[in-house]
Every structure is written in structure tokens, then in C-alpha cells.
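Trainee: Could you walk me through this model before I head back to the bench?
Mentor: Sure, let's put it up and take it bit by bit.

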Amino acid sequence: QVQLVESGGGLVQPGGSLRLSCAASGFTLDYYGIGWIRQAPGKEREGVSCISSSDGSTYYADSVKGRFTISRDNAKNTVYLQMNNLKPEDTAVYYCAASTVGTVQAMCVMAAVGYEYDYWGQGTQVTVSS
């Protein structure tokens with residue numbers, strides 16, 4: 001069964017950290033670019049960070065630049081999103097998604113307008129609140 005499974009979400013205080021994981025099963029992530037996309041109630045979907053399949057190039061939305069770090073471990077078939085200095089506005093459901101085409105910039109920027117990823121995870125809730 002082909003699937004992406006996110007984990008690592010939860011409740012954290014402002015300024016805290018979380019690390020999200022995106023584990024693939026049924027296929028290998030080696031050939032896929034991966035995006036982390038978030039959706040908050042009443043807000044537009046946002047591609048926060050993306051990583052390529054080939055050269056490891058990355059893209060970060062301005063809203064998370066300097067605070068989030070995306071990485072991948074192909075041996076573990078997993079992609080991570082390290083989130084530091086979390087803010088209340090980071091509260092959202094975070095999804096990972098896989099695509100075999102497109103640049104990391106396109107994957108992230110066009111996530112808001114329906115970029116066609118091949119696979120999506122079910123999402124993990126991140127809540128930043130005191």
C-alpha cells in the first residue's frame with residue numbers, strides 16, 4: 001500500500017520546537033521531491049518548505065525562513081521538518097506530499113493553487129499556544 005504518514009505534531013508553547021516526520025511506505029522517496037504544506041482554518045494553503053529529489057535543494061516560505069529546516073534521509077525513506085521558535089501563527093495541519101516533477105520553488109509556491117502532487121499524507125496537527 002502506497003502511503004505517506006506524518007508524525008510529530010502536537011501542542012507546544014510559543015518559542016518551542018517540534019520535528020515532523022514524513023515516512024513513506026510502498027514506494028521509495030529517492031525519486032520524489034517532498035513538500036511540507038500547511039492548512040490553517042480560514043487561511044489559504046501554504047507550501048512552507050520543499051526539498052528536491054536530486055541535489056537536495058530546498059525552498060522555504062518567507063514566513064518560516066530561518067526557523068524551519070527540511071531534510072531527508074533516503075535510507076530511512078523519511079523526510080523531516082525541524083521547526084524552531086514556533087509562533088502561534090504556525091498553528092495548522094501540516095501535510096507532506098510527494099512529486100516526481102517540478103522545482104522546489106514551484107512545488108511550494110503553487111501548493112496554494114492546487115499543485116498536483118502524486119501522493120499526500122493524512123496530516124498532523126501543530127498547535128502553538130501558551
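**Salt bridges and sheet**

Mentor: Asp90 and Arg67 meet through their side chains in a salt bridge, 2.7 Å from N to O; the term means a side-chain nitrogen of Lys or Arg within 4 Å of a carboxyl oxygen of Asp or Glu. Bear in mind that this is a predicted model, where local features need pLDDT of at least 70, side-chain atom pairs count only at pLDDT 80 or more, and totals for chains, interfaces and linings use all residues. Residues are numbered from 1 along each chain as its sequence is written, and side-chain values use heavy atoms, leaving out hydrogens and water.

Trainee: How many residues apart in sequence are the parts that Asp90 and Arg67 tie together?
Mentor: Asp90 lies in the loop between E8 and E9. Arg67 is in the loop between strand E6 (58–60) and strand E7 (68–73), so the pair ties together parts separated in sequence by 23 residues. (Strands, E, at least two residues, and helices, H or I, at least four, are DSSP runs numbered from the N terminus.)

Trainee: Is Asp90 buried or exposed?
Mentor: Buried means under 20% relative accessible area, exposed over 50%, and partly exposed in between, with a 1.4 Å probe and protein chains only. Arg67 is buried too. For Asp90, the call is buried because its relative accessible area is 0%.

Trainee: Which residue forms a salt bridge with Asp90 at 2.9 Å?
Mentor: Look in strand E4 (residues 33–39), which holds a partner 52 residues apart in sequence from Asp90's part. That partner is buried, at 7% relative accessible area. It's Arg38.

Trainee: And which residue forms a salt bridge with Arg38 at 2.8 Å?
Mentor: Arg38, Arg67 and Asp90 are among the residues linked in a network of salt bridges. The partner you want counts as partly exposed, at 25% relative accessibility. It's Glu46.

Trainee: How many salt bridges does a search of the whole structure find?
Mentor: As background, side chains of opposite charge can pair when their charged atoms come close. Here, the whole-structure search gives a total of four.

Trainee: What is the order of the strands in the open sheet?
Mentor: Four strands form it, with antiparallel pairing; two strands pair if DSSP finds at least two bridges between them. Its edges, each pairing on one side only, are strand E1 (3–7) and E7. E7 and E8 are joined by six bridges. The order is E1-E3-E8-E7.
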